[in-house]
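Here are my comments on the model, set out as numbered points. They go from the chain as a whole to single residues.

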Amino acid sequence: MSSLDEIKKKLNIEEMDKSSRKEMFNKFVEKGGKVIKEKSKTQPLRFNRTKQIEVNEKLARQNELIKQKYRSSPRKQNTETITRVPSENRKYSFMQFIRGFLSGTFALSKKFNKKFTKNVLDELSTILSSLNFICSQFVSIEPEQKWKMVDYLNSQFSLSYEILMRFYDLYRINSLTRIQNYFKNVNHIECTEVLKNILSFYRDLVILYPYWETSKEQLWKAISYQQNSSELQPPLPRSKINRYIDKLFDYYLPHLHTIITYNENLKLPYELEYVREYLKINAEEDIGSISKRLADEKAIYLAELEKEKEERKKVLKESVEKKEMDKIPKYIQKGLAIIDAIIDKIPEKLKEDKQAQLFEANEKMLYFYYLFNEFDKEYSFLLTSSQLKLTSRLESGVRTDLRSDFDETFIKFNEIANFIREYIELMEEYHNLKIELEDSPLVLQQKIASQNLKRTQLFNEIRSRSIHFFKKFSISLQKLINDYRQDRLLLQNPEDPLQFTLGRGTRKKFQNVPIIKAIAAAFSFSSAFHYYLSFDALSQKSLYLDKKTEEGPVEDELAPLDKTEEKDPS
């Protein structure tokens, strides 16, 4: 059949005038011809509104049936999560797989989507470790600073500090490593091996989900507070922190939901109400529980602080000599017996120790010098020894990391040692002055008075720092002892014997002694040393054990200890 263009060409229609075309058209119609009209290519779509309403109602009824079925058996679904069945006996829904594929979680090969896998392996650990590092600056701090931070953040929103603690706890390195190793080596979507770890992470995100936007504000508020007090630059810009938090809730949480519903074969709507019902989040782990524990901890801390002040006032009114020995704990009595034995041997040791001969016979620094040397020689190895296999522990939102505590304490130990060396240099100057100004008694008296003042100030600085050092060290040792009596989680090898590399003619007190016994002995000695500095012979501010007036001004032995003891010099 000829095309329309060929017909026009044969009839020479293009060359006809208007009247000839009209005459031909009329003849065409008279003979029974019909005009064909071309349909519009952009006709408007016509909807059957009645049919559309019926379809929508049918979909709504199906969704309601799914929700009712889920409500009727939430306990059964939760039981399946806890008691796992072998993977070969599991049933995996094809529709759940299709949903996972369309959402970008799964691939057709029944592996995880390549982009999602790459994000889990590379980006997720960066996000969690960065948020952990930021929050650690507000969580792992000294008690006094911690409670100031809690009061500041919770002044406008009572859950602010708890939100920071929960973000800090998201970074569980062992669980995250297991998930990443699975994604790297296995990568199959039927992931029963790491489903428990994924569920734990999913649970933490669901608890924090209602505070998605609030967490951004509160985290930056904490950073700004620290920046104003310490003048330090924020570790990450605000935009990056917000992007990290958005990625957790907007990207990872939906993907985790898809993985869990597929592996558990659940028809679980992605709605907070149904997810929380499925996870069975109780009051003890829900948001607000940590804030309640913080309030209790703060009350205990303030009560202990008040108790310490009252005890200090009581000690100032009564001398230690009048106290009965049975009021002192037994472990301190054992340590005091060791201290007394060391002091008794000082006259004998002085004959061979030229450095100690610089001190005067009744000078407090002489006693401190030998006691500190004893600690350095026999007990200080606990601060740095690799023989102690310590593990950190997280309990009730509070992280216990004794290795980190020992590292900080060791720094304070070295600071005290430096001050002792400085004091010895002062004593060398003191003796040189006596020789140089022997013929100028008035000048000598002035110089010695000035030297005595410097020595007094330096000794009190040493004593104050030592009080805080031995208190902190004793608390760390007490944690190890209590843990050994109960859970044994902090120290992995309490019964292992200690081994030291000994030179010829040298001897170590704890050679081949079990670690826990050395810890108990160090705790007894450190507690007694703290007691000796705080309440016993070395507790007062004077330079000598007995008052001396002939060589310059010496402060009263009964001077109050409030500022020296209460303020941490570090």
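**Notes on the predicted model**

1. Contacts and overall make-up. Of the contacts between residues at least 6 apart in sequence, 73% join residues at least 24 apart. The model is a predicted one. Its secondary structure comes to 21 helices and two strands. The chain has 570 residues, and 41% of them are buried. The exposed area is about 34,500 Å², with carbon and sulfur atoms supplying 52% of it.

2. Helix H8. This helix covers residues 160–169, and ten of its ten residues are buried, so the rest of the structure largely encloses it. The buried residues of H8 include the charged-type side chains Glu-162, Arg-166 and Asp-169. Also buried in H8 are Ser-160, Tyr-161, Ile-163, Leu-164, Met-165, Phe-167 and Tyr-168.

3. Salt bridges, and the pair Glu-123 and Lys-247. The search of the whole structure finds 20 salt bridges. In one of them the side chains of Glu-123 and Lys-247 meet, at 2.8 Å from N to O. Glu-123 belongs to helix H6 (residues 114–139) and Lys-247 to helix H12 (residues 238–263), so this pair ties together parts that are 124 residues apart in sequence. Glu-123 is partly exposed, at a relative accessible area of 24%, and Lys-247 is partly exposed at 22%.

4. Arg-276 and Asp-286. These two residues form a salt bridge whose closest N and O atoms are 2.7 Å apart. Arg-276 is in helix H13 (residues 272–279), while Asp-286 is in the loop between H13 and helix H14 (289–317), ten residues apart. The two partners fall into separate classes of burial: Arg-276 is partly exposed at 23% relative accessibility, whereas Asp-286 is buried at 17%. The cut-off for buried is under 20% relative accessible area.

5. Arg-393 and Asp-483. Here the closest N and O atoms of the salt bridge are 3.8 Å apart. The pair links strand E1 (residues 393–395), which holds Arg-393, to helix H19 (residues 441–485), which holds Asp-483; the two residues are 90 apart. Arg-393 counts as partly exposed, with 22% relative accessibility. Asp-483 counts as buried, with 5%.

6. A linked group. Which residues does the network of salt bridges link? Glu-213, Lys-216 and Asp-246 are its members.

7. Positive phi at Asn-187. Most residues other than glycine have a negative phi. Asn-187 is not a glycine, yet its phi is positive, at about 65°. The residue sits in the loop between helix H9 (173–185) and helix H10 (195–208). Asn-187 counts as buried, at 13% relative accessibility.

8. Positive phi at Lys-280. Lys-280 is another residue that is not a glycine and has a positive phi, here about 55°. Its place is the loop between H13 and H14, the loop that also holds Asp-286 of point 4. Is Lys-280 buried or partly exposed? Lys-280 is partly exposed, with a relative accessible area of 35%.

9. Positive surface patch. Lys-345, Lys-349, Lys-377, Arg-507 and Lys-509 form a positive patch on the surface. One of these residues, Lys-345, is found in the loop between helix H15 (330–344) and helix H16 (346–350). Lys-345 counts as partly exposed, at 47% relative accessibility.

10. Nonpolar surface patch. Phe-25, Phe-28 and Val-29 form a nonpolar patch on the surface, and together they have about 270 Å² of accessible area. Phe-28 is placed in helix H2 (residues 18–30). Its relative accessible area is 43%, so Phe-28 is classed as partly exposed. As a general point, an α-helix has 3.6 residues a turn, so residues three or four places apart point the same way.

Key:
Residues numbered from 1 in each chain as written. Predicted model: local features only at pLDDT ≥ 70, side-chain atom pairs only at ≥ 80, totals over all residues. Heavy atoms only, no water. Patch = residues over 30% accessible without salt bridge, like charges linked within 9 Å, V, L, I, M, F, W, Y side chains within 5 Å. Areas by Shrake-Rupley, 256 points an atom, 1.4 Å probe, with all protein chains shown as cover. Salt bridge = Lys/Arg side-chain N within 4 Å of Asp/Glu carboxyl O. Charge placed at Lys NZ, Arg CZ, Asp CG, Glu CD. Helix = DSSP H or I, 4+ residues; strand = E, 2+ residues; numbered from the N terminus. Buried < 20%, exposed > 50% of the residue type's maximum accessible area, 1.4 Å probe, protein only. Contact = heavy atoms within 4.5 Å.
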